[in-house]
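Colleague: Could you take me through this model, starting with the contact between its chains and ending with the core?

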Amino acid sequence: MSVQLQNGRIMLTGICPVGDAQALLNALLDNPDAPLDLSGCRHLHAALWQIALCAGARVGGAPTDPFVEIVCNSGIRTI
Amino acid sequence: MNPLLAGFIGESRELIGDMGDVLALARRGEADAQSVHRLFRAFHTIKGNAGLFDYEPVTHLTHNGETVLAAVRDGSLALDTALVDVLFEVADQLGEWIDQIEADAPLSDDAALQARLAAHAPDAHAAPSERVAPPLQAAWLRCLPEAERIRALQSALQNQRPLVLLRYRPDEGAFFAGEDPLYNVRQIDELLALGFIPNQTLPALAELDPFRNLLTWFALSHSPASAIEKIKFDCSGEFDLYELQPLQLIQLPPRDEALAQVLPPLLQALNDARTGQLLDQAATLLAAVPPSPRARSTALWLEALVNAQAAPTALRYLLNYAIQNEQPDWSALTPVAPAPGNAASAEARLPLHLALLKQQRDVLVASAPERLPVVLPSVRMVVTNVARALDRSGVLDGVRPEDDAPTLQADALVAAITQLLQSCAPDAPVAAAPVTPTVSNERLRIGAEQVDEALGLLSELLITRHTLQTTINAQQMQLAFTAPMQQLDRQINHLLNVVQKMRLVPLERVFERLPRLVRSLERKLGKPVDFELSGGEAFADKAVVDALHEPLVHLLRNALDHGIEDAEVRRASGKPPHGRLRVQAQQQEERVVLEISDDGAGIDPAKVRARARAQGLIDAERAERIDDEALLQLVFEPGFSTSAAVSEISGRGVGMDVVRTTLRQLGGEVQLASTPGQGTRISLSMPVSMMLSRVLLVRAGEQLFGLPVSSLVESLPLARTTLQTVKGAQTLVWREQMFAVFDLAGLLQLPAGTRGRALQITTAPGDFVLLVDQLLDTVDVLIRPLEGALAGLPQYVGTAMAGTGEVFLVLNPAGLVR
């Protein structure tokens with residue numbers, strides 16, 4: 001499971017496939033104010049990005065993967 | 001919001017409404033050459049305006065619409081049902097974009113619709129199978145983060161690297177097919193920036209289908225197109241590559257007049273080949289304008305170009321872009337040219353200097369006094385520079401110091417510029433432009449708050465007039481003041497009339513969104529209807545028109561969901577398969593009447609009777625006695641619904657009561673008539689203007705109230721009649737008619753008063769008698785709608801101010817009793 005709620009943050013870790021979409025959607029519906037932590041994320045499926053976008057989610061925790069960083073720069077709120 | 005943008009939004013909505021009207025005619029096969037021309041003109045105007053604001057998708061779609069309509073106009077293309085449907089979709093898309101522009105949201109992508117429209121274009125039949133990549137749009141570049149575009153520009157210029165943009169719109173079902181658009185984009189080497197544009201307005205999280213792709217991606221890279229092409233195999237949907245010129249990456253935020261005025265000297269410095277100090281000069285100039293996104297962005301791009309040692313042509317491109325307020329023509333972009341040789345001679349520059357001076361003078365003359373402090377520093381700087389270059393600094397001796405009054409400074413600068421122009425080009429016509437703005441017949445768009453302010457001042461004027469009259473009376477000087485007071489009254493009335501008219505807006509304002517609503521319901525419910533809207537030119541007060549939107553939406557939803565039957569049911573009962581839905585507005589003197597009618601199933605009185613009994617709205621005896629017409633009005637009671645199933649569209653039993661409450665608050669009424677099997681007609685009637693009304697001032701429970709004179713029949717002599725109690729309710733008989741009697745203080749839960757006066761009140765549901773303590777003057781007052789927590793109270797239409805300055809509530813007789 002690469003989507004987990006920890007200390008009020010939604011952690012996306014490793015490679016996050018489309019199978020995690022429902023889990024992320026539920027996590028954001030239950031915790032609309034929780035920031036996304038992408039610091040340990042090595043890749044995320046476009047479906048997950050779309051969910052974060054519709055949720056107006058904020059990203060906390062700087063991504064370490066250069067591509068994930070480029071994705072984040074494409075337009076989401078950062079803390 | 002920028003007033004220009006607000007104007008664009010308002011005008012576009014009007015034009016989109018116009019498109020809907022013409023398309024509705026076309027669907028009925030009634031469109032003639034003139035209506036096609038009207039349609040064309042609507043597209044053309046929106047296109048022109050959108051270009052001004054750089055809304056490229058809007059420009060692009062309207063341009064293609066124009067192309068198709070030009071073919072219809074010259075007879076080479078038929079305006080058939082298929083084309084009308086696509087054009088309806090185009091109008092809907094434009095409407096959605098205007099909503100997004102108003103909400104400052106990104107514009108959704110329209111490539112699929114573009115393709116459907118393009119299929120109708122005159123040359124579309126030449127090679128129908130081959131999909132043509134849409135032309136590059138500025139919005140695609142703008143969705144890439146600016147910081148990354150700036151870095152990409154620098155690296156492209158310094159290292160002579162290619163710049164390629166990928167537009168990738170995966171199919172909606174791509175995720176299901178195992179496609180990950182981000183994984184595909186990740187395979188691009190030397191990825192510089194990533195951006196996206198939603199294909200539609202993004203839904204709220206709770207309504208999101210997480211497995212449906214909603215985005216179009218844009219990726220910028222230094223990789224050559226041939227290398228990126230390799231990932232195409234894994235990508236569904238649309239995949240288009242564009243080779244970019246580095247300067248195309250420059251995308252500036254919306255227009256900024258102050259910036260446009262201060263930049264010309266920088267261009268001048270470029271012409272003088274003084275690029276070395278360009279950044280310093282830019283910093284000085286940009287400090288002179290209020291900080292704006294465009295100024296900040298211009299400074300960043302300028303710095304990037306200077307640091308990348310770009311040629312002056314590139315710098316000139318940027319400055320012209322920042323000054324012109326329009327996206328420069330990309331077709332003029334050629335590979336960046338080498339720096340020019342020596343600067344042009346002073347003689348050759350003279351025409352440019354003169355043009356600059358004239359431009360500065362025009363700026364001063366056209367600026368409103370409050371804008372002068374913003375404009376003056378840049379004008380002063382330009383004029384000083386030019387005077388120095390022309391070796392005529394002496395003319396500036398008469399210019400006032402910077403701490404002098406702005407208007408004096410402006411006058412002195414205009415005089416200095418005129419003198420400079422005369423001394424340099426004595427033959428040229430140099431008379432200063434007229435200082436007074438030209439008066440024309442054009443319409444002005446005035447903010448509602450300004451009209452309200454005028455209205456507030458009028459209220460105060462009425463009080464002043466009252467005080468004046470009281471003083472005159474006290475001094476017994478009526479005779480001497482009769483004529484001037486009469487004149488004052490006439491003038492106040494005239495002014496009132498003018499302000500009242502300023503608040504009137506056409507119903508079109510609320511009509512223009514209805515066709516879109518009906519079309520979307522048609523699609524959702526699968527019930528085709530012919531929708532007719534007429535009378536949009538009728539006028540009413542802005543507050544009335546704005547409040548009508550919600551009731552209309554509700555009534556149309558009801559008509560389509562419950563009124564109009566499915567096509568099969570209609571056929572079986574001998575009706576045409578298309579339902580007919582009509583909204584008609586009519587001006588009837590001081591009232592506006594709106595009729596919403598359909599030819600659907602109608603409302604069955606038996607069902608209403610049963611439902612009303614079940615819900616306890618009427619007792620068994622009344623259920624027997626009540627006639628069908630009165631019975632049907634029960635659908636406006638709170639919680640009433642005859643619908644068997646609650647559908648997504650309507651039928652939750654809320655709404656019809658809201659329709660009636662809203663109407664009553666507007667001083668209006670709603671009536672329903674229906675014939676089973678033939679259809680339903682609902683008529684809304686409300687006053688054109690809620691502002692100036694004649695009210696009778698009354699006291700009840702120690703409070704002052706206003707009663708609209710229009711609802712008064714007469715004052716009854718209580719001494720000549722007797723109050724009786726019938727079934728627990730007070731009644732009286734007057735002129736052989738029995739009336740229910742209500743005590744105003746009691747209705748409003750105020751302390752009981754003398755209840756010494758009785759008034760016969762007439763309302764649409766029926767007449768009754770109202771008891772009050774005291775009758776005072778009849779006065780003309782301006783009624784202001786209630787705000788905040790009071791706004792939902794059906795008993796009142798608003799507040800007004802008496803001549804004494806006392807504020808009182810104006811009653812809504814129809815809302816007082818049930």
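The questions and answers below concern a predicted model.

Colleague: How much area do chain B and chain A bury between them?

Modeller: The contact takes 28 residues from chain B and 25 residues from chain A. Carbon and sulfur atoms account for 71% of the buried area. The total that the two chains bury is about 2200 Å².

Colleague: Which three residues supply 30% of the area that chain B buries against chain A?

Modeller: On the side of chain B that touches chain A, α8 (181–186), β2 (191–198) and β3 (215–221) each supply at least two residues. No other three residues of chain B supply more of its buried area than B:L182, B:R186 and B:L205.

Colleague: Which residue forms a salt bridge with A:D65?

Modeller: The count between chain B and chain A is 1 salt bridge. A salt bridge needs a Lys or Arg side-chain nitrogen within 4 Å of an Asp or Glu carboxyl oxygen. Here the closest N and O atoms are 2.7 Å apart, and the partner of A:D65 is B:R186.

Colleague: Which helix gives the largest share of the largest nonpolar core?

Modeller: That core has 52 residues, and B:L165, B:L244, B:L249, B:I250 and B:L305 have the most contacts inside it. At least three of its residues come from each of domain 2 (138–249) and domain 3 (257–336 + 344–424) of chain B. The largest share, 8 residues, comes from chain B's helix α14 (residues 312–324).

Colleague: How many residues are in the second, separate core?

Modeller: This core includes A:L36, A:L48, A:C54 and A:I70. Its residue count is 51.

Conventions
Residues are numbered from 1 along each chain as its sequence is written. Chains are lettered from A and ligands numbered from 1 in the order in which they are written. This is a predicted model: local features need pLDDT of at least 70, side-chain atom pairs count only at pLDDT 80 or more; totals for chains, interfaces and linings use all residues. Side-chain values use heavy atoms; hydrogens and water are left out. A nonpolar core is a set of buried Ala, Val, Leu, Ile, Met, Phe, Trp, Tyr and Cys residues joined through side-chain atoms within 4.5 Å. Buried means under 20% relative accessible area, exposed over 50%, partly exposed in between (1.4 Å probe, protein chains only). Helices (H or I, at least four residues) and strands (E, at least two) are DSSP runs, numbered from the N terminus. Domain bounds come from an automatic or database domain assignment. Contact means heavy atoms within 4.5 Å. Buried area is the accessible area (1.4 Å probe) that two parts lose on being put together, summed over both.
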